[in-house]
Amino acid sequence: MSIEASEVERVLVAIGDAATPPQTRAEYTKAIEELKEGPAEVLLSISLQLTSSQNAYVTHVAFNFLQHAIKFKWNSLPVPTRVSLRDDIMRKMSIGPPPTPKIGGLSPSSLSSSSHWADPLARCVTAMAEHEWPQNWPDLTEKLVQMAYQAASPPTSIAVLCVIRRLLEDVVAFANVANVKRRKEMHQAIHDSMKQWIGLTMKLMGEANTENGESLLIVKHVIGLLSIIVEWAATPDIEPFVDEIVNHLVRFLSTATHSIYEEAAQCLTSIASRKRNNVAEKIVVDTFFRDNVIKSLLETASMAAHVAQSNEGHYTYLKALCDTLTTVGLHLSSIWSVTTEKTSKTPPPPPNFGLYMSALSEFALHPAMWLRSEATNVLVRFASNAAIRKWKEFKQILVLKIIPKMPEMVERTGMPSSSSSSPSAHYARMDFDDDVEWMHDFMQYRTRVFNLVRETVDDHHEELLAMVEQRILQRVALEPNGIPQHEWDGLHKLAKAVLSASFEKGKIDKKREDTLAAAFVMIIQSMGTKMSFSCANDALSVLSALYPIMDRQPPLIEHLLDLLERLSIAAPEEEKELRRHLTSSVISIVTRHEKVAKDYWPRIFTVTKRMAETATLMQMAQIANAIAALSNVVPSVDDQKQLLEIALAPQLEHLQLMQGLFTDVSSFLSQTGFLIAPPSNAEEAERHEGVKMRKLLRSTLLAIEGIVQKVSSESPIGPIVVPHCEAFARLVRILFELYDPVTPTVVHSAYNGLLQIPYTERQSIYCTVGESLEAATGRRNEDARGSVTMAIQFLSEINDTLQSIISICATKFSPIFYSLPSLPTILSDLTTNLERIPDFRVRYWLKKAWPLLYSCAPSSHFSLLLPSLTLIVEQSRHRLESVWAQVSTIDYDSEPTEDELFLEHMTCVLSRELIGFLKAVFVVEEKHTTSNTGNAAATSVRLSPLGCFVYDQGGALLSSFVSLTFSALAWRDTQSCVRAIPVAKAIVDKLSSSFVEDAAVFALVNVLQSIRIHGSDEVAIGPLLAIIFHTYAALRPHSTALLNVLMELPDTPPATIEAFDKRAISISRGLEDMPEKARKEMVKKLLRPIISVTLGELGRRPVELRPLPPIEKRAKLAPEADYEAVADFFGH
């Protein structure tokens, strides 16, 4: 039955017609698919006829049919048919598209564009090239170039450019040609054709008419092709054309048609960012600093800057120009660094460097934070370059423009959510989706500014210090109440960056020291007289940047201590932030300026006692920390003990008063007020006995935590605090037992959500896997001051603080802690009721407390650890099996619910924390240098002493440990898999010396399963291939059972498996040496049938390519013999 082309055209038009009934469209679509899969000759005949249709849509589909036939039916076609088809397609490309396309009832105007005709035609040519080029089509390059030169219409030139671009993309950029041998052959042909192609692009750009729209469309495609060429072409091919390419590109920096100016700027950036050797890099730097190039870049940047605020397209172009200029600057810094190292001389600046620095400074001061950040990054690189920072052009810009504007540069203004109409906010709304993204980039930008300070302080400390004195210190001292709130943070951090770097590098002379001391006193006087309390809190942060001056002039500490004392007395109770700041200032003085604190410790202690007179419970905890820190600097042991007693005694008294809390769950709930209605306002909260008890417990634990953190391991408080770990562990047990199902029925109905995850912890779960809670769920933060919210936060903080106290006691005071008679009870309390504890709570114990608790234990106590450790590992195994089973039931074809989304994220986070726990407890990593790694530090892993003890003991703990580790390799979380590999390797090494066949088979099966799941991940594939080979090579000599496992691999010939088996055994026994990369490749070839493929390859239909004759290798040209030297030898 013959099929007419006109009938196919009618069907195609009907499919694209919106008025066609769905059932009819489905029938027509099925018929078209049957045509595509039918006889190749019929499909080719109809497709070639339809390519001449005046309907651009039909023409486009016809070329798609041709591409399909060429890709998948080429080998079945007779040779004459292939040649005829190739000639027909090339002829159509030389003629151009059919004239005046008629869309009929359709309205997509883009279908009639040159690109719409050229691109599918180019796909047909590249599909034929994949089958035949270069062996059977050696003149393809010449025909394409000649066709473009003699093109009768612009679409033909565009089609040629599309063919070249697709060849580069399919072979070089994206490696879409699956056959490795064919890809190498085509890659060689591309290399041989590169200079002809570059010459073609130069001719087309040189002959372009900037007033003709079709001519400019050719230029757009030329630039797009050049962007790929300059990225992937070999250096010898591209470098001779660099000057010419750049000259042509700068011609079009002002051409807005088809957005050519933006593509030209991006192409220039690609040229500047090419990876090349130093000689070629020098050529590029010289090219970009030539008069016509640098002036064109700066002129167009100036034009774009004037209209960028009103036009987002022009702003995008301005960013592209900034990207070009900054890339050139970064490479300038790199090449001049190498030149300086090699010659030990300071090279001169390139031509027009002054113009470049002027433009860079404009970007560095632009209202758009993105532009400022990119330009500042280049300034930092220049400042860190020993040669560039000496150039007068750089110094001049830095001194006259950048340093004076640093206070404005570090202001935190212009967030996208801001209602301000400022230019900064306007640009931020174009650059960033939300405030979180903006804040991330702003912190990075401000860090770059501070790095610039550190790099320039050696040469420009006078200017920097003058800026700090005049723009920050004097302003804070003279008009503090007039400083807007958003400026304080930047002023503080900038002053700290400049002053700390100046003090560290010894740039403060006596005169400057006296000036800073005077400013120190002036600010203190101003804080005591003219500042509001809110302003004084911010000014105290700025003042802290001047604390190093006290190391040179110790009497200044008297002024500061007097100020802290006065403010502690005068500040009302509601100024909690200021009161906390006063105490933290004392801690800062004691810990960072020990020499001064040692001489003035009695006065410091007096100030802390005065603070304590008006302090709240929470502030008293901070004051106890300050006294504990002060005990480290006092010269007398008796004074040290007295201070520690003063800091610790109230906390021990509080613990005695709260003994009821440590009895059982009912007493805890009763005394903390969870059995009665919560307070409805602040006044009731002050009188609420339960709230008072919560505050007392929280402040006591925080005080003890701070004290044990501040003191050393030799401190006398160790024997006092560590025995209380039994009470702390009992409280942990009570907190765990709160998750009993009975608890919600006992607490007051207002506290029904008491055991839910706090909002901040929920947010951290999402952030751990790179998402924002608001973005993921649409939820916003609940009332941070609500009674239930405060109660949830209270339980969370108590849990965290107890973890910290117990961990510090176990690590800092190990001999005392592990010698406690109550150690078994403590371990039991810390691991009770685990099956009821929610995942978000177990996560932190796995991350913080349990690893330290078990990894610091002496070997003599290993047997005491086994019961609780077994409970943790076994329960974790059951927990992870359960949650991963729940995750596997999520239907990702529909939109996951918020609970399902959180379950997935929580499961991933919990899995990673569990692997971290196993690694910390059971594995030891060692870094060492070997002859194979040179200077690089290689990492080896082995079981820790506790891990070896568990292995030797065997039993349920070992089974759960091994099962968890190797099961983690197959969890659908790549990070968990990668983190589990070192643990698995340590187990395999131990198995090789103490072989257990069942465990070995289990290990091999799971590592093979892991590559089935994670094989498509670029990060995981390398480590997985390594652990698979290591597992097989280490364990195979002990048993043939592992060979039997490999024999079950699908689509793998037994001979291939046996060959792999022999080589693996040979390598394992040291009879053969093979590099790590070769081992991975060997495993990859063996397991190719089971390695998971990327998402893009899942539905890809394989293209069968017949083998072509090999390309003859070109002989290297031998240099001509020089016989002149022989003649000279004989005196002729």
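In this predicted model, Phe862 is a buried residue, its relative accessible area being 7%. Its aromatic partner, Phe949, counts as partly exposed, with a relative accessibility of 21%; the two residues fall on either side of the boundary because buried means under 20% relative accessible area.

Aromatic contacts were then searched for across the whole structure, and 23 aromatic pairs were found. Phe862 and Phe949 make up one of these pairs, with a distance of 5.6 Å centre to centre and an angle of 55° between the planes. This geometry is classed as tilted, since only planes over 60 degrees apart count as edge-to-face. Phe862 belongs to helix H45, which spans residues 862-887, while Phe949 belongs to helix H47, residues 945-953; the pair therefore ties together parts that are 87 residues apart in sequence.

Elsewhere, ring pairs join several aromatic residues into a cluster. The members linked in this way are Phe289, Phe353, Tyr356, Phe382, Trp391 and Phe394.

Rings also take part in contacts with charged side chains. The ring of Trp370 has the charged end of Lys319 sitting over it, 4.9 Å from the ring centre. An arginine provides another example: the charged end of Arg762 sits over the ring of Phe902, and here the distance to the ring centre is 4.3 Å.

Turning to the annotated region, an unreviewed UniProt entry assigns the domain annotation "Exportin-1/Importin-beta-like" to residues 121-268. In the model, this span is 76% helix and 0% strand, and the C-alpha atoms at the ends of residues 121-268 lie 29 Å apart.

Note on methods: Residues numbered from 1 in each chain as written. Predicted model: local features only at pLDDT ≥ 70, side-chain atom pairs only at ≥ 80, totals over all residues. Heavy atoms only, no water. Phe/Tyr/Trp six-rings, centres within 6.5 Å; stacked < 30°, edge-to-face > 60°. Helix = DSSP H or I, 4+ residues; strand = E, 2+ residues; numbered from the N terminus. Buried < 20%, exposed > 50% of the residue type's maximum accessible area, 1.4 Å probe, protein only. Lys NZ or Arg CZ within 6 Å of the ring centre and 35° of its normal. UniProt positions renumbered as here; feature names shortened; annotations may be inferred.
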